[in-house]
Amino acid sequence: MDTAELIENFSFLEDWEDRYGYLIELGKELPLLSEADKNDQTKVEGCMSQVWLKTKTDGDVLTFDGESDAHIVRGLIAVLRIILSGKTKKEIQETDVEAIFKQLGLESHLSPTRRNGFFAMVERIQSEARK
């Protein structure tokens, strides 16, 4: 799935309950991180729940996996993987994640702490892309 398909899928969902359910389903499809990958280096600060992001660079392309102890946050990680993982570092830095977040209709339905956590994950990924 790519970003356009993700936006289209969310656009078909009429209400927040359906979007919430879809987000949880996306999160269930994430591969689990090993216990060794859940460490201080991969932990994302600024999230209320436990969140780990493991990034990998192959040439100029950055990929990442992530995990959280909260279902909705796992869904947000899945959304970020669709939007940013497998892109070049330049593409990641140029992607307007906030605009996509709004297109998905998530900004008005997530608590401020979840929103802050989401953008803490975005910052972590973009920081890795700047290296």
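**Note on helices and ring pairs in a predicted model**

1. In helix α3, the buried residues are Ile72, Val73, Arg74, Gly75, Leu76, Ile77, Ala78, Val79, Leu80, Ile82, Ile83 and Leu84. The structure discussed here is a predicted model, and every remark below should be read with that in mind.

2. The same helix, α3, runs over residues 71-84 and is mostly covered, since twelve of its 14 residues are buried. From its first C-alpha to its last α3 reaches 20 Å, which is close to the 20 Å expected at 1.5 Å a residue. After α3 comes glycine 86, whose phi is positive, near 85°.

3. Turning to the packing of helices, α1 (residues 3-11) packs against α2 at an angle of about 140°, and the axes of the two helices lie 10 Å apart. Because angles over 145 degrees would count as roughly antiparallel, the angle of about 140° makes α1 oblique to α2. On the α1 side the contact is made by Leu6, Asn9, Phe10 and Ser11, and on the α2 side by Arg19, Tyr22, Leu23 and Leu26. By character, the residues of this contact divide into five nonpolar, two polar and one charged.

4. A search of the whole structure for aromatic pairs finds five. One of them is formed by phenylalanine 10 and tyrosine 22, whose ring centres are 5.1 Å apart and whose planes stand at 70°, so the pair is edge-to-face. This pair links distant parts of the chain, with phenylalanine 10 in helix α1 and tyrosine 22 in helix α2, twelve residues apart. Phenylalanine 10 and tyrosine 22 are both buried, and both also belong to the contact of α1 with α2 described above. Elsewhere, ring pairs link Phe101, Phe118 and Phe119 into a cluster.

5. Two glutamates deserve a separate remark. Glutamate 17 lies in helix α2, which covers residues 16-28, and counts as exposed because its relative accessibility is 58%, where the cut-off for exposed is over 50%. The C-alpha atom of glutamate 17 is separated by 9.9 Å from that of histidine 109, although the two residues are 92 apart along the chain.

6. Glutamate 91 has its place in helix α4, residues 89-94. With a relative accessible area of 37%, glutamate 91 is partly exposed. Glutamate 91 and alanine 129 are 38 residues apart in sequence, and their C-alpha atoms are 9.0 Å apart in space.

How values were computed:
Residues are numbered from 1 along each chain as its sequence is written. This is a predicted model: local features need pLDDT of at least 70, side-chain atom pairs count only at pLDDT 80 or more; totals for chains, interfaces and linings use all residues. Side-chain values use heavy atoms; hydrogens and water are left out. Helices (H or I, at least four residues) and strands (E, at least two) are DSSP runs, numbered from the N terminus. Buried means under 20% relative accessible area, exposed over 50%, partly exposed in between (1.4 Å probe, protein chains only). The expected span of a helix is 1.5 Å times one less than its number of residues. Axes are lines fitted to C-alpha atoms, for helices over the stretch in contact, and angles run from 0 to 180 degrees between N-to-C directions. Angles under 35 degrees count as roughly parallel, over 145 as roughly antiparallel, 65 to 115 as roughly perpendicular and the rest as oblique. Contact means heavy atoms within 4.5 Å. Ala, Val, Leu, Ile, Met, Phe, Trp, Tyr, Cys and Pro count as nonpolar, Asp, Glu, Lys and Arg as charged, and the others, Gly among them, as polar. Rings of Phe, Tyr and Trp (its six-membered ring) pair if their centres lie within 6.5 Å; planes under 30 degrees apart count as stacked, over 60 as edge-to-face and the rest as tilted.
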